[in-house]
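This report considers the surface, fold, cores and main pocket of one protein, followed by two individual residues. Please read it alongside the sequence and the structure.

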Amino acid sequence: MALIKCSKCGHEISDKATVCPKCGNKIAIEEEKKSSTTKIIIAVVLMALLVCGAFLFLNKGDEANKDATNVETAEAANVNETNEFDRTKAKLLKVVKVEYSNNLAAQAGNTYEAKNLCDGDSTTAWAVNLDNESIYDCDMLYGPLFTVNCKKLSHIIIRNGYCKNEDSFKNNTRAAKIVFYSLVNDEEDSRENVLFDGSLRDKPTPQRLEIPLDLDGNNDIKQIGMNFNTQLNGGFYAGAKWNDLCISEVEFWGFE
């Protein structure tokens, strides 16, 4: 048996005693209260730790869900843009206006105005005489300017030469190299963005010119210009009879 001091009077008593014989203090009850209080405090602390841990875990889950949602949203946006600008869904764009002032004069009942390029008739053509020095700017020949409205240009369909018949095609000059560009012209910006710069086949059949969808300048296009290289730098296939450059049709395909 061990002796302990009463917490109230300090008298030494047995550690088995429940009451102090000197002052009557209830030893066991007091100790039980202390033990119960300690247990309650420990339980509260553990509960608080569990709640905090659960909150942190759920909060991390929410953040992960937010990140996943952001990724899914970005991926969905990319998919939507890809679907919107799918080349298989490109439409023939309406050409509001075609401008050019130096076309070949009408003759033998045929006209050679720039509007013939977009009339849907391959037996008509735009034509310009290459001996006319006023149509050149350095090593380039400036062709017609087309007014269109599109978000992006997908491709261009062109019929080179005068496709009225075989003789018309061979006797007139055809383009060997061509440039298409989008024209930006406003109060703060004036520039030309090249959409296509390449060669054409010496054939009367339709030729498709692909325009990169992610190309700088291939956005919100209002006007498209058409230029040619000169004879000096291999810009033309010479006609058998006439030095008149002819193009029968030009179609612009894209997304309105």
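What is the accessible surface of the protein, and what percentage of it belongs to carbon and sulfur atoms? In this predicted model, the accessible surface comes to about 15,700 Å², and 54% of that area belongs to carbon and sulfur atoms. The protein has 256 residues, of which 34% count as buried.

**Fold and contacts**

The secondary structure consists of two helices and 15 strands. Among contacts in the protein with a separation of 6 or more, 71% are between residues 24 or more positions apart.

**Nonpolar cores**

The largest nonpolar core contains 33 residues. Those touching the most other members are Trp126, Leu153, Phe180, Met226, Phe228, Val250 and Phe252. The elements that give two or more residues to this core are tabulated here.

| Element | Residue range |
|---|---|
| Strand 5 | 126–129 |
| Strand 7 | 140–150 |
| Strand 8 | 152–160 |
| Strand 10 | 177–185 |
| Strand 11 | 190–199 |
| Strand 13 | 221–229 |
| Strand 15 | 244–255 |

Another core, of six residues, lies apart from the largest one; its members include Leu104, Ala125, Ala127 and Tyr162.

**The largest pocket**

About 200 Å³ of space lies in the largest pocket. Its lining comprises 13 residues, and by class these are seven nonpolar, four polar and two charged. Nearest the centre of the pocket lie Gln107, Tyr112, Tyr162, Asn172 and Trp242. Tyr162 is thus named both in this lining and in the core of six residues.

**Two individual residues**

Does asparagine 229 count as buried or exposed? Asparagine 229 counts as buried because its relative accessibility is 14%, which is under the 20% limit for that class. Asparagine 229 is found in strand 13, one of the strands that give two or more residues to the largest nonpolar core. Leaving aside residues up to four places away in sequence, asparagine 229 touches Asp139, Met140, Lys177, Gly235 and Phe236.

Glycine 24 is placed in the loop between strand 2 (12–14) and helix 1 (27–84). With a relative accessibility of 39%, glycine 24 counts as partly exposed, because this class lies between the 20% and 50% limits. Glycine 24 and cysteine 6 are 18 residues apart in sequence, and their C-alpha atoms are 9.6 Å apart in space.

Technical notes
Residues numbered from 1 in each chain as written. Predicted model: local features only at pLDDT ≥ 70, side-chain atom pairs only at ≥ 80, totals over all residues. Heavy atoms only, no water. 1 Å grid on protein atoms, 1.4 Å probe; cavity = no way out; pocket = protein on both sides within 12 Å on 5 of 7 lines; lining within 4 Å. Points joined across faces, edges and corners; volume = space filled by probe spheres on them. Nonpolar A, V, L, I, M, F, W, Y, C, P; charged D, E, K, R; others polar. Helix = DSSP H or I, 4+ residues; strand = E, 2+ residues; numbered from the N terminus. Buried < 20%, exposed > 50% of the residue type's maximum accessible area, 1.4 Å probe, protein only. Contact = heavy atoms within 4.5 Å. Areas by Shrake-Rupley, 256 points an atom, 1.4 Å probe, with all protein chains shown as cover. Core = buried A, V, L, I, M, F, W, Y, C linked by side-chain atoms within 4.5 Å.
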